[in-house]
Every structure is written in C-alpha cells, then in structure tokens.
Amino acid sequence: MLKDRFYYIDAYMQEFDAIVLNEGEDDRGRYVILDNTAFYPTGGGQPHDTGLLNEVPVIDVEEVDEEIRHYIADTLHKGDQVVGRVNWERRFDHMQQHAGQHILTAAFVELFDIQTVSFHLGKELVSIDLDVEEVSSEQLQEAERLANRIILENRPIETKFVSEADLDQYKLRKALAVTDEIRLVIIPEFDYNGCGGTHPSTTGQVSAIKVLSTERQKKKVRIHFVCGDRVLAQLHKKNEIVSEAMKSLSSPEEEVPEVIEKILATNRALEKSLEASKEELLVFEANGLMEKVQDGMVTSAFISRSIQELQKLARLVVGQHSEVIVLFASESDGKLQFVAAKGDFVKQSMKEISTNVLTAINGKGGGSDSFVQGGGERSMSAEELLVLMREALN
Ligand SMILES: [Zn+2]
C-alpha cells in the first residue's frame, strides 16, 4: 500500500532500516528495490531524494511499475541489510518549496479564482503556470502577501489517505484522477488538494515565499518564486549584484537604474560619432591608396582589419577610379581575408580571383564579376595572398 511507505508515514524520517528485495539495471543505471523506503521518488513536480544506503550513494530514485528503484553508485545485493540515510538538506528544501507552491497556488484561487496548471521545482527557482493570460503586479503582490500571512499563521499541514466515497467532504481545488488510494494535503480553511509529495507539518516551516518574476507562456503566465532558505540565497545573490553595480557606478542603490540609463544613452551617442569619424577616416585612407595606383591596380596588405572595412574601402576607391582594380588582403589570428573589386571600365571578372584563392586558403566566399570577397585559413601571409590574387588575373 502507498500509505505504508516510510516517506508517507513520516515525511521527517531521515534514517531507516531496510532489506534489499531485488537488484537490477536499466538505462538509468544499476538499482535496488527495498522492502520499504524513506527515499522520495521523482513525482508530482517534486524531484527525487538522494542520500546513502549504507556507504553507497543513492543518485536517483524513480518509481517504475509501482516499484521504487534506488539508483546506486556502487553494488548492493539481494538480501543485504541496509541503513538508508536521506540527504535531509535537499529533501527539506523540496518540502518547503512544495508546500510553498500549494500555498501560493491556493492564494491565487482564493483571491482571483486563477488556477495553477503546472508546477516545476528547479535547482534554483520554482515555478507555477497560471491558467490566465495576464497577471498584474498588484495581483502578484496581493497573492504573495496572503501566502506569507498563511505561513506566518503557522497553520498545520495535514495529509490523509481517503477513499473515493469520502471525497465530497472536502472542497478540493481541482478534480482528482480517482485511484484506490487518494492522498489529500490539507491546510485547514485554506487548501484541500490531492498530492503525492512530501510537505512540512506546518506552514511556518516554509519560512517565507518571494515571487521573483513572471513570464508569458503562450496563454499562461509563469510565476518564478522561491521559499525557505532559497529566499535568503536569492536576497544574498541580488544584494551582491547590486553592491557590485553600486561600486562600479559609484552611485547609491536607488540611483543605479538611472545611472545605467544615462551611461547607455552616452554610449549610443558616442558610437554614432565614432561611426561617423571612422567613415571620414576611411575616405582619407582611400584617397591615400589612390595615389599608389600601379599598372591600373591598387593593392594593399593589412593586419586585423574587418572584412566590412575592407569592403567599404574598396568601394570608395573603385567608385572614384572606374579604370582600376583593387586587391586587399588582411591577416588576423588564424584567418586570412580578401576583397577584390574593379571599376566600371575594367573588363576582367573578379570571380577568377575568388575561385583560385579560395582553393589555396581552403576558404569560403564569392561575389559578382565586379566585387568578390572571402576568407579562409592563414596558410600564408597577406602579402603572399596578394601575389596569388594578382596571378589569378593574368
Ligand atoms: Zn504537494
């Protein structure tokens, strides 16, 4: 029977004696089945426990075909007597988050008649999906306030196994899939729920609940929140981030957002003016290159220039000199890049250059008759690449 499982008899059982009934292996690994267990298997949104069986670490616990498989890092054998020890820090945290979820879910129903459709208990955050398209920040605050009041009132959290016939006595939040053994989790006068998870015995042990953020999820709203020690952990983390920001910005906490906004605005203005200066500089550079025309060609090797800049530069030159060919090559960490362009009066196609050169540097690229570009391995210097490019034209 479900209700005889140790973790249902006593959610606080951290240590127990058991006998290995069976051993086996599946795609998750090696496992043992015990005659009874306090290890909670993954289910109902609550992650599995971890811990020890004698000295052997239990790394995963799953229920398969009504048996609880304890996946172990070493071997145990049928008939072994074991002492099971549940990793209590992990389990109690799960109990706090799980009960906190019940309370928050109930608060949304109580206040706004909004139902929860799913629950996820993550490593850092917990979330529920509300069956509604939008939740206002006032609603969030109100639900959070009610949830924390229920926690402060330290109400009992009771669990009960009931039969189908007993069900009408309880105002359930949600219709249940009826089975032989129905387990109810009850916070009197507040929440009646069918649930198979583990919970603390009073709401006060949840300690606190804090909603952190919301996220649109198709036609649902996902609420991220934390309970118990995770509230302090979040506060600590956020405090560190804010302190770090205050230090970097030399500004008091309240002014951090405003100062960041100012910096971003200045940054955008600077970027714009830098862009304009760069354009001017390129024009200047192009003019200088034009004075170096030799045999109808302008060739130049660069170090660490972006392909975009080389393209602009080449366009500037051929735009002014319709009878020249421009060949540029640039080398930068492990890469070779090139651009070849021609003025309108030049008959030769630049495509021959890209075809020849790309094979030589095992690269990618291409273009039109009048403009090609590409890049590949740095198997030679930019100067040597220029020689190849020139040869391709002959
Ligand atoms: Zn539950």
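What share of the contacts in the protein with a separation of 6 or more comes from residues 24 or more positions apart? Here's a look at that and a few other features.

## Contacts and overall build

First off, this is a predicted model. As for the contacts with a separation of 6 or more, 60% of them are between residues 24 or more positions apart.

The fold is built with eight helices and 18 strands. Its radius of gyration comes out at 34 Å, well over the 21 Å that the globule rule gives for 394 residues, so the protein is more spread out than a compact globule. Put a box around the C-alpha atoms along the principal axes and you get roughly 100 × 55 × 40 Å.

## Surface and charge

Of the 394 residues, 43% count as buried. On the outside, the protein exposes about 21,600 Å², and carbon and sulfur atoms supply 50% of that area.

Charge-wise, there are 43 positive and 67 negative charges in the protein. The mean positions of these two sets sit 4 Å apart.

## A closer look at Glu384

Glu384 belongs to helix H8, which covers residues 382–393. Is this residue buried or exposed? Neither, really: Glu384 has 45% relative accessibility, and partly exposed means between 20% and 50%, so it counts as partly exposed.

The side chain of Glu384 has a polar atom 2.8 Å from the backbone nitrogen of Ser381. Farther off along the chain there's Ala301, 83 residues from Glu384 in sequence. In space, the C-alpha atoms of Glu384 and Ala301 are 9.2 Å apart.

Notes: Residues are numbered from 1 along each chain as its sequence is written. This is a predicted model: local features need pLDDT of at least 70, side-chain atom pairs count only at pLDDT 80 or more; totals for chains, interfaces and linings use all residues. Side-chain values use heavy atoms; hydrogens and water are left out. Helices (H or I, at least four residues) and strands (E, at least two) are DSSP runs, numbered from the N terminus. The radius of gyration is taken over C-alpha atoms; the globule rule is 2.2 Å times the number of residues to the power 0.38. Buried means under 20% relative accessible area, exposed over 50%, partly exposed in between (1.4 Å probe, protein chains only). Contact means heavy atoms within 4.5 Å. Accessible areas come from the Shrake-Rupley method with a 1.4 Å probe; for residues, only the protein chains shown count as cover. Lys and Arg count as positive and Asp and Glu as negative; His and the chain ends are not counted. The place of a charge is taken as NZ of Lys, CZ of Arg, CG of Asp or CD of Glu. A polar contact is a pair of N or O atoms within 3.5 Å; within protein, one must be able to donate a hydrogen and the other to accept it, and residues adjacent in sequence count only if both atoms are side-chain atoms.
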